[in-house]
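User: I'm new to this one and would like to learn how to read it. Can you walk me through it, feature by feature?

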Amino acid sequence: MDKKKFGIREVVAIGIGTALFVVLTEVQIPIGIPNTALQPRMAVLAFLSAVFGPIVGAVIGLLGHALGDALFYGSVWWSWVFPEAVVGAAIGAIAGRLKVREGGFGKSQIILFNCVQIVANAAAWIVVAPILDILVYAEPANKVFIQGAFAWLGDVLIIGILGTILLAAYSKIAGKSSSLKKED
């Protein structure tokens, strides 16, 4: 990713990413823990964060989750909205090192991506979400830390599998496209 200013491409990515995130809110695979499920929307968040950077990732996580909650559930659970922004921003922070747009998303970038997403998800779901649940909604600690741990595991799996596949496939296409541009 080049080190240019925030532009129209990033604004469009936020719009499309937020819309996809909201639409995918209802696509959930139950895991047996109340209010916690595998959510493919997290792979979309990780993908767009890795391609477009931390601002795009944070905004998609924040807006996508808030709008999805409001539209599908009637209210926003803010203690789980902010962690989505944390994950998006953290993955986006390493976007330049992942070389997705240049077609360089190879083994070392896949390892870096997955290490960062594991740590970002841990911070979001094992620390931020449960603490906010306790402070904002007075939820019982034993309940929210269990939910957070399962949300962490689910997001790590979804992003690790689906997110990695999306990034590898896109990087292959982007790499071919950028090599064609260089030949012109």
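User: Let's begin with the fold. In what order do the elements of the chain run from the N terminus on?

Analyst: Bear in mind that this is a predicted model. The idea is to walk along the chain and note each helix and strand as it comes up. Here the order from the N terminus is α-β-β-α-α-α-α-α-α. In total, that is seven helices and two strands. The radius of gyration is 16 Å, close to the 16 Å that the globule rule gives for 184 residues, so the chain is as compact as a globular protein of that length.

User: What box do the C-alpha atoms fill along the principal axes?

Analyst: Roughly 60 × 30 × 25 Å.

User: And how do I read the contacts? What share of those between residues at least 6 apart in sequence join residues at least 24 apart?

Analyst: Start by asking how far apart in sequence the partners sit. In this chain, 73% of the contacts between residues at least 6 apart join residues at least 24 apart.

User: Now the inside versus the outside. What percentage of the 184 residues count as buried?

Analyst: A residue is called buried when its relative accessible area is under 20%. By that cut-off, 46% of the 184 residues are buried. As for the outside, the chain exposes about 9200 Å², and carbon and sulfur atoms supply 73% of that area.

User: Which residues have the most contacts inside the largest nonpolar core?

Analyst: To read a core, look at its size, its best-connected members and the elements that feed it. The largest nonpolar core holds 34 residues, and Met42, Val87, Leu98, Phe113, Trp125 and Leu167 have the most contacts inside it. At least two residues each come from α1 (8–23), α2 (41–52), α3 (54–73), α4 (78–92), α6 (107–137) and α7 (141–183). The largest share, 10 residues, is supplied by α2.

User: Let's zoom in on one of those. What does Leu98 touch?

Analyst: Leaving out residues up to four places away in sequence, Leu98 touches Ala50, Gly104, Phe105, Gln109, Leu112 and Phe113.

User: How about single helix residues: is Gln147 buried or exposed?

Analyst: Check the relative accessibility. Gln147, in helix α7, counts as buried because its value is 6%. Its C-alpha atom is 8.2 Å from that of Trp125, and the two residues are 22 apart along the chain. Val119 sits in helix α6, and at 58% relative accessibility Val119 counts as exposed. From Val119 to Gly53 the C-alpha distance is 17 Å, with their positions 66 residues apart in sequence.

User: Then there are the backbone angles. Which sign of phi do most residues other than glycine have?

Analyst: Most of them have a negative phi, so a positive one is worth a look. Lys99 has a phi near 55° without being a glycine. You'll find Lys99 in the loop between α5 (95–98) and α6, and its relative accessible area of 40% makes it partly exposed. Ala138 also has a positive phi, about 55°. Ala138 belongs to the loop between α6 and α7, and with a relative accessible area of 64% Ala138 is exposed.

User: Last one, charges. How far apart are the mean positions of the positive and negative charges?

Analyst: You average the places of each kind of charge and compare the two points. For the 14 positive and 11 negative charges of this chain, the mean positions are 11 Å apart.

Notes. Residues numbered from 1 in each chain as written. Predicted model: local features only at pLDDT ≥ 70, side-chain atom pairs only at ≥ 80, totals over all residues. Heavy atoms only, no water. Helix = DSSP H or I, 4+ residues; strand = E, 2+ residues; numbered from the N terminus. Rg over C-alpha atoms; globule rule 2.2 N^0.38 Å. Buried < 20%, exposed > 50% of the residue type's maximum accessible area, 1.4 Å probe, protein only. Contact = heavy atoms within 4.5 Å. Areas by Shrake-Rupley, 256 points an atom, 1.4 Å probe, with all protein chains shown as cover. Lys, Arg positive; Asp, Glu negative; His and termini not counted. Charge placed at Lys NZ, Arg CZ, Asp CG, Glu CD. Core = buried A, V, L, I, M, F, W, Y, C linked by side-chain atoms within 4.5 Å.
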